[in-house]
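User: Please take a close look at the interior of this protein and at how its parts pack there. I am a first-year student, so one connected explanation in plain words would help.

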Amino acid sequence: MEEQIEFRHWDELIPDALGLIFSNLSLQEVLTVIPSVCKSWRKAVTGPYCWQEVDIEEWSSRCQPHHLDRMLRMLITRSSGSLRKLCVSGLHNDSIFSFITENAGSLQTLRVRRSEMSDSVVERTAGRLSTITFLDLSYCGKIGARALEAIGRHCKLLVTLCRNMHPLDAAGKLLQDDEANAIATTMPRLKRLEMAYHLISTGSVMNILAGCPQLELLDLRGCWDVKLDSQLMKEKFPKLKVLGPFVMDYYEMDDWDDDCSDYSDNSDYLAWEFEMGDYDDYDIYDGMWHDDEGRFEELELRFYEGDGEEAGILGWPQSP
């Protein structure tokens, strides 16, 4: 008698296994297609298993502020405290940054480029970010030395800090060494530091090197006032790689790149399904997704719960 092999049905897989599988899909598919397949898959995507690592950086750079706030609150709430990595762009207020920190008990990687939180909220909430090892605050123009000092005091596990600025931010301004000095005095465990286009002096860079002895990479591209003796640097810091201050070409991240692309989508990255109610007119329904500027007015965020027919109209693959 031939031995019979039992195959386990996909809908019987444990939720954490499903979450691991679904992490290979785009965020749009996880939020809109997977829930319509079966109850166990829907349960998996409404639980924390799919939301330990969230990247909405590309989408957030195109959406409206209130849509971004609602999306973040939904996904972070679903993580149930298990969120390990969050990549987002353009936080528009202190409130949403504070909400992120309230749910940061397991957070290790936080990328919040081009955000508008203030020094005061970072000072108040930095103690909740004690598990952070990677932090990207690039192009955040409303924070400064006060925020960095608070982060340094509370985030003792931090090994990577990205604090790059736009070249136009440095045009015609005087030297500002306070941020560099805050880093030098509070972040001794840093291994990688990016400070491109900062208005800092040679002296403040030397303070960083003295205060952060474990540094392996220092990005000073565009820091025009910094003058380092290359021979001295090789002799005194043989393991340190320094980029800049002169910008020769594009910076290649190599093996240093902290990839935040788990849920990225290389096609049209539109907002997820926002509904006001039941739509019988498919033309109107379809138009909600293909707004030229990616804006959807006063619509309620919710899961796709159709039978698969709407998916074809919206250009998505049919549900299995």
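Analyst: A useful place to begin is Ile56, which, apart from neighbours within four places in sequence, is in contact with Leu27, Leu68, Met71, Leu72, Leu75, Cys87 and Val88. The model is a predicted one, and what follows describes that prediction.

Ile56 belongs to the largest nonpolar core, a set of 70 residues. Ile56, Leu86 and Leu110 are the residues with the most contacts inside this core. Helix 5, residues 65–79, gives the most to the core, with six residues. The core also draws on both domains: at least three residues come from domain 1 (11–49) and at least three from domain 2 (50–243). As a general background, nonpolar side chains in soluble globular proteins tend to be buried together.

The chain as a whole gives the setting. It has 14 helices and 10 strands, and 47% of its 320 residues count as buried. Among contacts with a separation of 6 or more, 70% are between residues 24 or more positions apart.

Met117 shows how a loop residue can lie inside. Met117 sits in the loop between strand 3 (109–113) and helix 7 (119–125). Its relative accessibility is 0%, so Met117 counts as buried. Leaving out neighbours within four places in sequence, the residues in contact with Met117 are Asp94, Phe97, Val112, Val122, Leu137, Cys140, Lys142 and Ile143. Separation along the chain and separation in space can be set side by side for Met117 and Leu91: they are 26 residues apart in sequence, while their C-alpha atoms are 7.1 Å apart.

Next comes helix 8, residues 145–154. Its buried residues are Ala145, Ala147, Leu148, Ala150, Ile151 and Gly152. These buried residues pack against helix 7, strand 4 (134–136), strand 5 (160–162) and helix 10.

The pairing with helix 10 can be described in more detail. In general, two packed helices are described by the angle between their axes and the distance between the axes. For helix 8 and helix 10 (residues 178–186), the angle is about 10° and the axes are 8 Å apart. Helix 8 is therefore roughly parallel to helix 10, since angles under 35 degrees count as roughly parallel. On the helix 8 side, the contact is made by Ala145, Leu148, Glu149, Gly152 and Arg153. On the helix 10 side, it is made by Asp178, Glu179, Ala182, Ile183 and Thr186. Sorted by type, the residues of this contact are four nonpolar, two polar and four charged.

Some loop residues have backbone features worth noting. Most residues other than glycine have a negative phi, and most peptide bonds are trans. Tyr139, in the loop between strand 4 and helix 8, has a positive phi near 65°. With 29% relative accessibility, Tyr139 counts as partly exposed. Ser80, in the loop between helix 5 and strand 2 (85–89), also has a positive phi, about 50°. At 55% relative accessibility, Ser80 counts as exposed. A cis peptide bond joins Gly244 and Pro245, with omega about 5°. Pro245 lies in the loop between strand 8 (241–243) and strand 9 (274–275).

Definitions and conventions: Residues are numbered from 1 along each chain as its sequence is written. This is a predicted model: local features need pLDDT of at least 70, side-chain atom pairs count only at pLDDT 80 or more; totals for chains, interfaces and linings use all residues. Side-chain values use heavy atoms; hydrogens and water are left out. Axes are lines fitted to C-alpha atoms, for helices over the stretch in contact, and angles run from 0 to 180 degrees between N-to-C directions. Helices (H or I, at least four residues) and strands (E, at least two) are DSSP runs, numbered from the N terminus. Angles under 35 degrees count as roughly parallel, over 145 as roughly antiparallel, 65 to 115 as roughly perpendicular and the rest as oblique. Contact means heavy atoms within 4.5 Å. Ala, Val, Leu, Ile, Met, Phe, Trp, Tyr, Cys and Pro count as nonpolar, Asp, Glu, Lys and Arg as charged, and the others, Gly among them, as polar. A nonpolar core is a set of buried Ala, Val, Leu, Ile, Met, Phe, Trp, Tyr and Cys residues joined through side-chain atoms within 4.5 Å. Buried means under 20% relative accessible area, exposed over 50%, partly exposed in between (1.4 Å probe, protein chains only). Domain bounds come from an automatic or database domain assignment.
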